[in-house]
Amino acid sequence: MKTLFFVLVLCICFLQMSYSQEDDGVVALALPVRNSLTFNRFALNPTFSFVREQNKYISFTNKREWVQFENAPLTYLGAYSGRFGENIGAGLAVFQQNYGVLTTFGGNLNFAYNARLDRDSNLTFGLNIGAYKSGVNTGNVVTNFDDPSLQNVPENFLITVNPGINYGLAFIDFGVSINNLATYNLQSSALIEDNPEQSIQGHFMYTGYMTSRGFFDEAKFTGLVRSEFKADETIYSAIAMLSVPKGIWAQVGYNSVFGASGGLGLNITTQIAIEYNYEKAIGDLVNFGSSHEITLAYRFKDKERYDYSSDDEVSGLFSSNRRKPIVSNISKEKAEENRKRAAERKAQLQDERLAREEKRLVQQEAAAEAKAQSKLLDELKSKKKTEVAAETLDNDEAKARQLAEQEALEASEAKKALLAKQKANALAEAEAKRLEKQKASELAEQQAKEAAQAQEQLLAEQKANEEAEAKARQLAEQQAKEAAQAQEQLLAEQKANELAEAKAKQLAEQEAKEAAQAQEQLLAEQKANDLAEAKAKQLAEQQAKEVAQAQEQLLAEQKASKLAEAKARQLAEQQAKEAAQAQEQLLAEQKANELAEAKAKQLADQQAKEAAQAQEQLLAEQKASELAETKATQLSTENKANDLISNPRSAVEKSMLAITQETQVTKTTQSDLLNQFDDIVEIKNKDLKDLKEENDLSEKGMAVGPKPFKSITAENKMLEGIKTQLNEVIDSRNSKIKELKRLYNEKYKADTITNDVVMLHYKKTIKQLETEQLRALEARTKLDNKLKEIKIATEFERRRRIKRAAFDSQEDRFSQDRATLKNIKATTVLVEKPYEDNDFDFGETQSDNIQILENVKNVDNGYYLILAVHNDVEKRNEFIKKVVASGRTDVDFFYDVNTSKYYIYYDKFQDINAANNGMKLKGNRPFNKNMSLVKIEN
C-alpha cells in the first residue's frame, strides 16, 4: 500500500513539473453531471465509485444546458460503475460533448482503492483517467466566406488525469481531488498549460438515517458541500438528497456559478430507475435559461454485502416484497399432528444443540490436555538444555585443569634437563681444566655465557607458563559466567512457563464457566420453549372450544331463521290477499281522484302562469333600477376619483401629478427618437446589402453602376445625436419614475388614512411607466446590437472590396515580383562565413500538417517545400538574399491573394510520396529549419 501511494505521488510531481503550450481547438474536460448524488458520482470525486456504494449500475445520461439558445451545450454520457469488491470500486464511461462548433468525444476510466484503518475509519484513493478527442465540427460552421483559420485548426487527442482521496467515518466523509491535474496532447506531444478547468476541489459529505413511523421510516439523508478553487475564481456548491425506502428520492442543490437545481428519482422496478434534474441559472447566467438532465439506469443485484456501506432496502413502483397470506384448510387432527411434529422437531434440534455443545466441551478439554503435554515437553527440553550446558561447563573446566597440569609437567622436565646440562657442563669443565690448563679461562667464560643464556631461556619459559595459566584462569572464569547466565535464563524461562500455565488454567476455568453459563442459558431457553408450547397448546384448545360453540350457535340461529321464514311466508300470503282487495278499492278511488286532480291542475296552471308573468315583470323593473343606480354610483365614483387625481390637495400629490404629466410628454419624444434610431439602422442595413451585392457581382465579373454620393460623416453625426438625445430622455424618464415611486412610498407610509383611489391610480401609473421603460431599454439594446453587427459586416465587405481591387492588379505585382527576384539573384554574392539559424527570419509559424491553398494565380499545382512565409516585402527580400548568399540560387516564391502572404520555396513535387522524401532529405542547412509542405489546388 505504501509503495502504491509513493508511486502515485511521484507521478503527480512529475506531471506538475512538465510544461507546454496550449493549441487551437483544445477543449478542457468538464463533465456537467453535478446535480445527482445517485448516479455518475465518480465524476464528482474519483473515490465516489467506492464510497457509500453497494451496487453496480449501467446508466445513460443526457444533459441539455441553456436551452434558450440555439446550438447550446449538449452532453451524452454512458457509464458502468460501482462496487466490485470489498476494497475496490471502478467505473468506465463514454461521453460526447458539443459546444457550438467545438466537440469532444472520448472515455473515462475510474479506479478507487480503500484502505480500512479501523472499524469505522476508511481511507480511499481514487483516480480518473480521461482520453478524448477535441476539435472543430466543420458541419456546424456557418460562414459566408472561406476562413483559412478554421481549415488549419487541428483535431487533438488528449489524456487527462484527475486524482482524489477521501477519509470516511461512520456518517461523515471528507476529502480532496484535483481536476485536470495534467492534460497531455498527443497531437503536439506536450502538456497543456494554463488549463482554465484545472482546480483543487474539497468536499464534506454527511449520510444519516431517519427513525420515524410511516412513509419516512428508515429514509436516508445525504448532504454534500463542495468548494472548487480555480486560478481566477472559486465555486461553492451544495446538494441535499432524501431517499425513501419505497423507491423514491428527491434532491435540491445550489451552485454559485450555475444556479439552483432540483431533481426527482424513481425506481420503476428493483433494477430499473429513472432520474430527472432541473437547473435554473442565477446571477450572471440568468439570461442563458435553464438546463435539463435525465438519466436512465439499470441496477445489478449484488449477492454480497460489503462493509463501509449501508444495506439499503431497494423497492420499486411495480414490485413488492409483501407475502400473500396462506389460507389453510387443515382439520383439527392434522393441525394437532403438525404441532406434535413441530414439538418433536424442536426437541430433536435441542438434542442436536446439546450434542454440539458437549462435543465443543470435549474438544476444548482435548485442546487443554494437548497444551499441557506440549508444555511438559518444553520443560523437559529446557532441562535437557540445562544439563547439556552444565556438562559443557564441567568439560571445559577439566580441559583447563589438564592443560595447566601438562604445562607444569613440561616446566619441571625443562628444569630437570637444565640441571642435567649444568652437571654435564661442570664435569666437562673439570675434565677440561685437567686436560688443558692454558684454555681453562676461555672455556670458563664460554660456559658462563652458555649458563646465562640457559638461565634467560628458563626465565622466558617461566613467563610463558605464567601467561598460559592466566589465560586458562580467564577462560575458566568466562565459562563460569556464561554458565551462570544460562542458568539465570533457564530460571526466567521456567518462571514464564509457570505464568503461561497459570494463564492457561485461568482461561480453561473461564471457558468452563462460559460453557456452564451457556448450558444454563440453553436449559432456560428449552424451558421457555416448553412453556411457549404449552401456552400454544392451551390457546389452540381454547380456540377449538370457541369454534365448536360458534358452530352450535350458528345451527341454533339457522333453525330460528327457518321458523321465522315460514311465519313470514304465511303472513305475506295473508297480506297479499288483503292488498289485492285494497288495490281494487284503491283503483276506484284513484279514478275519481284523477278526474278531480285534472280539473284542479288546469286551474293551478292558469294561476301559475299569471303569477310568473307578474313576477318576471317585477324582476325586470328591479334589475333596471339596480343598473341605473350602479351606473350612477360608478359615474359619481369616477368623477370623484378624477377630481381627486386632477385636483390634488397636498404638496406630495401635486408633485406626483406634475411628474406624471412630464412623463407623458417625454414618452412621445422617446418614441420619436426610437423610430428615428430604427430608421437610421435600416438605412445602414440597406447600405450593407448594396455593398455586399456590389462585391458579389464584381466577383462574378459584372459591373455595377455608381451609387449617388452620400455623406457618411453627416449620417454618423446625426446617428450619434439621436443616440445622445435618446439616452438623455431615457435617463430623465428613469429619474422621474424613481422620484414618483419615492413620493408614492413616502405618502403611503406617512398617511394614517390614505385615499385608496388615488394611491391605486399612482400604483398602476408607476407600474405602467416601468413597463414602458423596460420596453424602451430592450428596443435600444436591440438596435445597438444590430448596429454593431452591421458595422462589423460593413467593415468586412469594405475589406473584401479593397482586396478585390488589389486582386485586379495581380499581374502588375507578379511582374514586379519576378523582376525583384531576378535582381536579387544577379546582385547577391556568396558569404564567407555561413549563416546560422538565428540569422534567418522565418515569418509566421507553419503547422506540421499539409496546408492546402486554392485559386493561387501564376502557380502550378503540386506540393511545394516552403522555407518561410512573410506578409512584408522587405522581410521577404531579406530572407531570399540570405538563402542565395548561402549557395541556394534556385529559391523562388509566390503570392496568395486570399491570405495576402508570400510563400518562399525552392522545390516542388507532383505526388505526396516524393514530397515526403524531399522533406526527409532536407539536411541541416539553417534556412531549412522550419520547412513545411503546401499543396496548390487550382
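**Figure 1. Where helix H8 meets helix H9.** Asp817, Thr820, Leu821, Ile824 and Lys825 on the H8 side make contact with Arg876, Asn877, Ile880, Lys881 and Val884 on the H9 side. Sorted by class, this contact has four nonpolar, two polar and four charged residues. Please keep in mind, here and in the views that follow, that this is a predicted model. Two packed helices are described by the angle between their axes and the distance between the axes. For H8, spanning residues 810-827, and H9, spanning residues 873-885, the axes come within 10 Å and cross at roughly 35°. The crossing of this pair is right-handed.

**Figure 2. Ala826 in helix H8.** Let us stay with H8, the helix in which Ala826 has its place. Is Ala826 buried or exposed? Ala826 counts as exposed because its relative accessibility is 64%, and the cut-off for that class is over 50%. Val884 sits 58 residues away from Ala826 along the chain, and the C-alpha atoms of the two are separated by 9.7 Å. Val884 is also one of the H9 residues that meet H8.

**Figure 3. The largest nonpolar core.** In soluble globular proteins, nonpolar side chains tend to be buried together. The largest nonpolar core here has 24 residues, and the members that touch the most others are Leu867, Phe879, Ile880, Val891, Ile904 and Phe927. Which elements each supply at least two residues of this core? They are H8, strand S18 (862-870), H9, strand S19 (892-896) and strand S20 (901-909). Ile880 links this view to Figure 1, as it belongs to the H9 residues that meet H8. Apart from this core lies another one, of 15 residues, including Leu726, Ile730, Ala776 and Ile790.

**Figure 4. The surroundings of Leu867.** Here we zoom in on one residue of the core. Leaving aside residues up to four places away in sequence, which residues does Leu867 touch? Its partners include the aromatic-ring residues Phe842, Phe879, Tyr905, Tyr906 and Phe927. Val891, Ile904 and Met931 are also touched by Leu867, as are Asn928 and Asn930.

**Figure 5. Gln676 and Lys747 in helices H5 and H6.** Gln676 is placed in helix H5, which covers residues 651-699. With a relative accessibility of 37%, Gln676 counts as partly exposed. The C-alpha atoms of Gln676 and Leu726 are separated by 9.8 Å, with their positions 50 residues apart along the chain. Leu726 is among the members of the core of 15 residues. Lys747 belongs to helix H6, which covers residues 712-750. Is Lys747 buried or exposed? Lys747 counts as buried because its relative accessibility is 11%, and buried means under 20%. Lys747 and Glu653 are 94 residues apart along the chain, and their C-alpha atoms are separated by 8.5 Å.

**Figure 6. Ile235 in strand S12.** Strand S12, residues 234-244, holds Ile235. At 5% relative accessibility, Ile235 counts as buried. How many residues apart in sequence are Ile235 and Val257? They are 22 residues apart, with a C-alpha to C-alpha distance of 6.6 Å. Val257 is also one of the residues that Ile235 touches, along with Asn255 and Ser256. Further contacts of Ile235 are with Arg226, Ser227, Glu228 and Lys230, again without residues up to four places away in sequence.

**Figure 7. Positive phi at Arg52 and Ser900.** Most residues other than glycine have a negative phi, and most peptide bonds are trans. Arg52 has a positive phi, near 55°. This residue lies in the loop between helix H1 (2-16) and strand S1 (56-64). Arg52 is buried, with a relative accessible area of 18%. Ser900 also has a positive phi, near 60°. Where is Ser900 placed? Ser900 is in the loop between S19 and S20, two strands that each supply at least two residues of the core in Figure 3. Ser900 counts as partly exposed, at 31% relative accessibility.

**Figure 8. The whole chain, for orientation.** Ten helices and 21 strands make up the secondary structure of the chain. Of the 938 residues, 28% are buried. Among contacts with a separation of 6 or more, 67% are between residues 24 or more positions apart. The chain exposes about 62800 Å², and carbon and sulfur atoms supply 54% of that area.

Key:
Residues are numbered from 1 along each chain as its sequence is written. This is a predicted model: local features need pLDDT of at least 70, side-chain atom pairs count only at pLDDT 80 or more; totals for chains, interfaces and linings use all residues. Side-chain values use heavy atoms; hydrogens and water are left out. Axes are lines fitted to C-alpha atoms, for helices over the stretch in contact, and angles run from 0 to 180 degrees between N-to-C directions. Helices (H or I, at least four residues) and strands (E, at least two) are DSSP runs, numbered from the N terminus. A crossing is left-handed if the near helix is turned anticlockwise from the far one by less than a right angle, and right-handed if clockwise. Contact means heavy atoms within 4.5 Å. Ala, Val, Leu, Ile, Met, Phe, Trp, Tyr, Cys and Pro count as nonpolar, Asp, Glu, Lys and Arg as charged, and the others, Gly among them, as polar. Buried means under 20% relative accessible area, exposed over 50%, partly exposed in between (1.4 Å probe, protein chains only). Accessible areas come from the Shrake-Rupley method with a 1.4 Å probe; for residues, only the protein chains shown count as cover. A nonpolar core is a set of buried Ala, Val, Leu, Ile, Met, Phe, Trp, Tyr and Cys residues joined through side-chain atoms within 4.5 Å.
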